[in-house]
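The exercises below are meant to be worked with the sequence and the coordinates side by side. Please try each task before reading its solution.

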Amino acid sequence: MAAKIKTKDKVVVLTGRDKGKTGEVIKVLPKEGRVVVQGVNLVKKHQRSTQTTQGGIVEFEAPIQASNLAHIDPKDGKPTRVGFKILEDGRKVRVAKRSGEVIDL
């Protein structure tokens, strides 16, 4: 199956604690169906100090379920679904269903 969400995509959270927040995709975990988004789903972890790192409370982005995210339409900035289209030169690109704009650069 083709990937609808890739790194560096702009997405918005549809459900959950961070509903309405937008961010850029940092990492995609396709086997788990999860995505790490910058500034979304922040969690705190108590880190033990070692010889190389200092201990304390570390805050980082945890993965979020990909089904809870939607692309941001490049034309009007609202959430949209993603479709695929084959261009004249034979390339397969992702397209916003809302406006028809090409998402891939």
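Does arginine 94 count as buried or exposed, and at what relative accessibility? The model is a predicted one, in which local features need pLDDT of at least 70 and side-chain atom pairs count only at pLDDT 80 or more, while totals for chains, interfaces and linings use all residues. Residues are numbered from 1 along each chain as its sequence is written, and side-chain values use heavy atoms, with hydrogens and water left out.

**Exercise 1. Place arginine 94 in its surroundings.**

Solution. Begin with the accessibility: arginine 94 counts as buried because its relative accessibility is 4%, where buried means under 20% relative accessible area, exposed over 50% and partly exposed in between, with a 1.4 Å probe and protein chains only. Next, locate the residue, which belongs to strand 10 (residues 92–96); strands here are DSSP runs of E with at least two residues, numbered from the N terminus. Strand 10 is mostly covered, with four of its five residues buried. Finally, look at the side chain, which is joined to that of aspartate 9 by a polar contact of 2.7 Å, a term for a pair of N or O atoms within 3.5 Å of which, within protein, one must be able to donate a hydrogen and the other to accept it, residues adjacent in sequence counting only if both atoms are side-chain atoms.

**Exercise 2. Describe how strand 9 and strand 10 are joined.**

Solution. Strand 9 (residues 82–86) pairs with strand 10 in the antiparallel sense over five bridges, pairing being assigned if DSSP finds at least two bridges between two strands. Two of the bridge partners can be named: valine 82 goes with alanine 96, and phenylalanine 84 goes with arginine 94. The two strands form a hairpin with five residues between them, and glycine 90 in the turn has a positive phi of about 95°. The ring of phenylalanine 84 also has the charged end of lysine 92 over it, 5.0 Å from its centre; the criterion is NZ of Lys or CZ of Arg within 6 Å of the ring centre and within 35 degrees of the ring normal.

**Exercise 3. Work out the strand order of the six-stranded open sheet.**

Solution. The order is 6-3-2-1-7-8, with antiparallel pairing. At the edges lie strand 6 (64–65) and strand 8 (79–80), each of which pairs on one side only. Within the sheet, strand 1 is joined to strand 7 (residues 69–72) by three bridges, and valine 12 stands opposite alanine 70 of strand 7.

**Exercise 4. List the largest nonpolar core and the surroundings of one of its members.**

Solution. A nonpolar core is a set of buried Ala, Val, Leu, Ile, Met, Phe, Trp, Tyr and Cys residues joined through side-chain atoms within 4.5 Å. The largest one has nine residues, namely Ile5, Val11, Val13, Val25, Val35, Val37, Val40, Ile64 and Leu69. Strand 1 (10–13) and strand 3 (34–37) each supply at least two residues of this core. For valine 25, once its neighbours within four places in sequence are set aside, the contacts (heavy atoms within 4.5 Å) include Ile5, Val11, Val35 and Val37.

**Exercise 5. Compare the settings of lysine 8 and asparagine 41, given that neither is a glycine.**

Solution. Lysine 8 has a positive phi of about 70°, and asparagine 41 has one of about 60°. Lysine 8 is placed in the segment before strand 1 and counts as exposed because its relative accessibility is 65%. Asparagine 41, in the loop between strand 3 and strand 4, counts as buried because its relative accessibility is 17%.
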